[in-house]
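Let us walk through this structure together, beginning with the chain as a whole and then stopping at single residues. Please keep the sequence and the model open beside the text.

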Amino acid sequence: MRFSLTPRTTEFYVLFGKAGENALEVARLVERRFREHPNSGVTQEQVKAVETAGDTVTRDTINLLNTQYITPFDREDIYLLATEIDDVVDYLEEASDLLGLYGIEMPTRHAVEQCRVIVQACEQLAAACDNLKSMRGIDEALIELKRLEDEGDRILRDALASLFRDERIDPLNVIRWKDVYEALERALDACDTAASVIANIVVKSR
């Protein structure tokens with residue numbers, strides 16, 4: 001691929017805005033799917049469709065990166081941010097898929113709480129992505145996102161403890177829910193990593 005000497009820096013901001021919105025949309029769908037399971041109005045096919053749309057945004061961002069000589073911030077940061085937001089969506093889609101794959105009958109309180117926290121984290125991530133150009137309000141969003149990541153860690157610890165505390169729980173259910181909890185936790189961790197990338201961008205721009 002050849003580099004273009006014509007600056008298209010504004011397109012990066014547009015694409016990151018779309019990526020943040022896509023992650024938030026998937027998070028809201030997955031939260032509703034877990035909360036309403038097994039009679040949810042949200043299907044796995046709907047979640048997958050939005051995840052696929054996010055893949056397109058990620059691909060467009062990387063293609064733009066590979067063809068632009070001038071970028072609004074470090075090339076490595078652009079690539080890392082695009083892939084981390086993509087990871088958020090992928091892990092959410094994976095967790096949602098496990099509901100059907102494992103034949104889970106009812107959601108647990110902990111899983112619903114994890115999804116709630118992830119939605120709030122994605123709201124902050126989307127806000128930070130929207131404000132990359134102006135750099136306004138990003139610090140507040142990142143601070144809140146870090147708090148939510150800590151809350152998610154607490155919920156995960158409580159969830160895993162509850163699995164192993166009750167001897168009446170079927171060992172297969174322990175395995176199933178451990179996988180689901182950890183997929184949701186990976187999504188939240190990816191939000192936190194994306195936030196760290198944005199924090200680096202902000203520091204370098206000052």
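**From the whole chain to single residues**

A compact globule of 206 residues would have a radius of gyration near 17 Å, and the chain agrees with this, at 18 Å. Please keep in mind that this is a predicted model. Along its principal axes, the C-alpha trace spans about 65 × 30 × 25 Å.

What does the secondary structure of the chain come to? There are 6 helices and 0 strands, and along the sequence the pattern reads α-α-α-α-α-α. Among the contacts with a separation of 6 or more, 82% join residues that are 24 or more positions apart. Buried residues account for 47% of the 206 residues. The chain exposes about 10,400 Å², and 51% of this area is supplied by carbon and sulfur atoms. As for charge, the chain has 25 positive and 39 negative charges, and the mean positions of the two sets are 3 Å apart.

Let us now visit some helices, going along the chain. Leu64 is found in helix H2. Is Leu64 buried or exposed? Its relative accessibility is 3%, so Leu64 counts as buried. Apart from residues up to four places away in sequence, Leu64 touches Arg8, Glu11, Phe12 and Leu15. For a sense of distance, look from Leu64 to Glu94: these two are 30 residues apart along the chain, and their C-alpha atoms are separated by 27 Å.

Helix H3 covers residues 75–101 and holds Leu99. Leu99 has a relative accessible area of 1% and is therefore buried. Its contacts, not counting residues up to four places away in sequence, are Arg33, Phe34, His37 and Ile104. Gly20, by contrast, lies 25 Å from Leu99, C-alpha to C-alpha, with their positions 79 residues apart in sequence.

In helix H4 we meet Val119, which counts as buried because its relative accessibility is 11%. Leaving aside neighbours within four places in sequence, Val119 is in contact with Leu24, Ala27, Arg28 and Glu31. Take Glu31 from that list: Val119 and Glu31 are 88 residues apart along the chain, yet their C-alpha atoms are separated by 7.3 Å.

Helix H6, residues 171–205, contains Asp189. With a relative accessibility of 30%, Asp189 counts as partly exposed. Which residues is Asp189 in contact with, leaving aside its neighbours within four places in sequence? They are Glu149 and Asp153. Val88 is 101 residues from Asp189 in sequence, while the two C-alpha atoms are 8.0 Å apart in space.

Next come two features of the backbone. Most residues other than glycine have a negative phi, and most peptide bonds are trans. Where do we find a cis peptide bond? One joins His37 and Pro38, with omega at about 10°. Pro38 sits in the loop between helix H1 (9–36) and helix H2 (44–67). His37 has already appeared on our route, as one of the residues that Leu99 touches.

The other backbone feature is at Met135, which is not a glycine but has a positive phi of about 65°. Met135 belongs to the loop between helix H4 (109–130) and helix H5 (138–165). Its relative accessibility is 25%, so Met135 counts as partly exposed.

Finally, let us turn to the cysteines. A disulfide is a covalent bond between the sulfur atoms of two cysteines. How many disulfides does a search of the whole structure find? The search finds 0. Cys129 is in no disulfide, and the nearest cysteine sulfur to it belongs to Cys191, 9.6 Å away. Cys129 counts as buried, because its relative accessibility is 1%.

Why does Cys191 not form a bond with the closest cysteine sulfur? That sulfur is in Cys122, and it lies 3.8 Å from the sulfur of Cys191, which is too far for a bond; a disulfide needs the two sulfur atoms within 2.5 Å. With a relative accessible area of 0%, Cys191 is buried too.

Technical notes: Residues are numbered from 1 along each chain as its sequence is written. This is a predicted model: local features need pLDDT of at least 70, side-chain atom pairs count only at pLDDT 80 or more; totals for chains, interfaces and linings use all residues. Side-chain values use heavy atoms; hydrogens and water are left out. Helices (H or I, at least four residues) and strands (E, at least two) are DSSP runs, numbered from the N terminus. The radius of gyration is taken over C-alpha atoms; the globule rule is 2.2 Å times the number of residues to the power 0.38. Buried means under 20% relative accessible area, exposed over 50%, partly exposed in between (1.4 Å probe, protein chains only). Contact means heavy atoms within 4.5 Å. Accessible areas come from the Shrake-Rupley method with a 1.4 Å probe; for residues, only the protein chains shown count as cover. Lys and Arg count as positive and Asp and Glu as negative; His and the chain ends are not counted. The place of a charge is taken as NZ of Lys, CZ of Arg, CG of Asp or CD of Glu.
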